[in-house]
Amino acid sequence: MTQNMERLQALKSDKKFVNKAFWAYNWSIPMNFTRERMLGCSMVCMLARVADEIYPEDTVKQQELCRNHEVFFNTQQGLGAVIYGIVLGMEVERAHDDSITNELIQSIKQALAGPLAGLGDSLIQALITPILISIAIGLSTDGSILGPLFLFASYTVINGILCYSLFKAGYKTGIIGAETLVSSNMKDRVIPAFEALGVTVIGGVLAGIMNVRTNLVASFGQTSINIQTDVLDAFFPKILTLIICFIVYYLVKEKKWSATKIMLWMIPVAIIGYLTTILA
């Protein structure tokens, strides 16, 4: 037991261990993106790469570590590096302290994903990338190869430094944060707080991007009533969107449907709904 704790303590400052995990995250991001789990697979790849160092000679714990993160997870890949670091740090801390639960790690991970996605998209995709592209276009006058080379080199360097710095900072923060939560007995209050934040963020995203509507019209003599605008929107805007969300939640929670199965189910429902004007 003492040797195990000493080994885990050494991992907290082991640069080789951190670099190994970082490169696993860095290479898995573009290669393991799926519509069902988004970046969840890359999180598993990173942890699988270092699982034998966190739980040496314990294949059951290694498998549990990876399976805990086989869930939907999505954020901006650049700034999101800090989340990967935090998760790694908390998993190392959890290896020698069972009071750090998987629920706590998942709550923090999901709560940070949404805000960092919005910030990362605004900073990197809407600001840094267009600036680099505009400079590259100027360097590409008369077909010069300097433009593409500049864009590739500059984006790689900026993104690499940003991701590595955030990953290391996240790793240290995850360890310190986990130790603080345990020592101060704040864990039981933090989990509900982060769960509430995560649900709020997800609810806001759903309300913003989902829009289920109906084209049904009720006619009474010369009077026509649009069910969507005159009834549903006046009573409860986006109520159909909310109903679909609850149906999907029920299928995932109670029926254990996968995201792929739900998407395959939605396709014929959407086609039939459109053809019958039940759905807009």
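Tutor: A salt bridge is a side-chain nitrogen of Lys or Arg within 4 Å of a carboxyl oxygen of Asp or Glu. In this predicted model, local features need pLDDT of at least 70, side-chain atom pairs count only at pLDDT 80 or more, and totals for chains, interfaces and linings use all residues. Residues are numbered from 1 along each chain as its sequence is written, and side-chain values use heavy atoms, with hydrogens and water left out.

Student: How many salt bridges does this rule give?

Tutor: The count comes to four salt bridges. In one of them, the side chains of Glu64 and Arg94 meet at 3.7 Å, N to O. This pair links distant parts of the chain, with Glu64 in helix H4 (residues 59–67) and Arg94 in helix H5 (residues 81–95), 30 residues apart. Helices here are DSSP runs of H or I with at least four residues, strands are runs of E with at least two, and both are numbered from the N terminus.

Student: Is Arg94 buried or exposed?

Tutor: The terms rest on relative accessible area: buried means under 20%, exposed over 50%, and partly exposed in between, using a 1.4 Å probe and protein chains only. Arg94 counts as buried because its relative accessibility is 14%. Its partner Glu64, at 31%, is partly exposed.

Student: Which residues pair in the other salt bridges, for example with Lys20 or with Asp233?

Tutor: Lys20 forms a salt bridge with Glu53, the closest N and O atoms being 2.9 Å apart. Lys20 lies in helix H2 (residues 15–31) and Glu53 in helix H3 (residues 40–54), so that pair also links distant parts of the chain, 33 residues apart. Lys20 has a relative accessible area of 24% and is therefore partly exposed; Glu53, at 23%, is partly exposed as well.

Tutor: The side chains of Asp233 and Arg213 meet in a salt bridge at 3.8 Å, N to O. Asp233 belongs to helix H9 (residues 227–235), while Arg213 sits in the loop between helix H8 (187–209) and strand E1 (217–220), 20 residues away. Salt bridges that share partners also join Glu64, Glu91 and Arg94 into one network.

Student: How many disulfides are there?

Tutor: A disulfide is a pair of cysteine sulfur atoms within 2.5 Å. By this rule the count is zero. Cys163 is in no disulfide, and the nearest cysteine sulfur, that of Cys45, is 16 Å away. Cys163 counts as buried because its relative accessibility is 2%, whereas Cys245, at 21%, counts as partly exposed.

Student: What surrounds Thr241, which lies in helix H10?

Tutor: Contact means heavy atoms within 4.5 Å. Leaving aside neighbours within four places in sequence, Thr241 is in contact with Met210, Asn211 and Val212. The side chain of Thr241 reaches the backbone nitrogen of Val212 at 3.0 Å. Helix H10 covers residues 239–253, and Thr241 is buried because its relative accessible area is 4%.

Student: Where does UniProt place the feature "transmembrane region"?

Tutor: UniProt positions are given in the numbering used here, feature names are shortened, and annotations may be inferred rather than shown by experiment. The unreviewed UniProt entry places this feature at residues 116–139, 145–167, 193–214, 234–252 and 259–279. Residues 234–252 are 84% helix and 0% strand, with end C-alpha atoms 30 Å apart. For residues 259–279, the values are 81% helix and 0% strand, and the end C-alpha atoms lie 22 Å apart.

Terms used: Polar contact = N/O pair within 3.5 Å; in protein donor to acceptor, adjacent residues only side chain to side chain.
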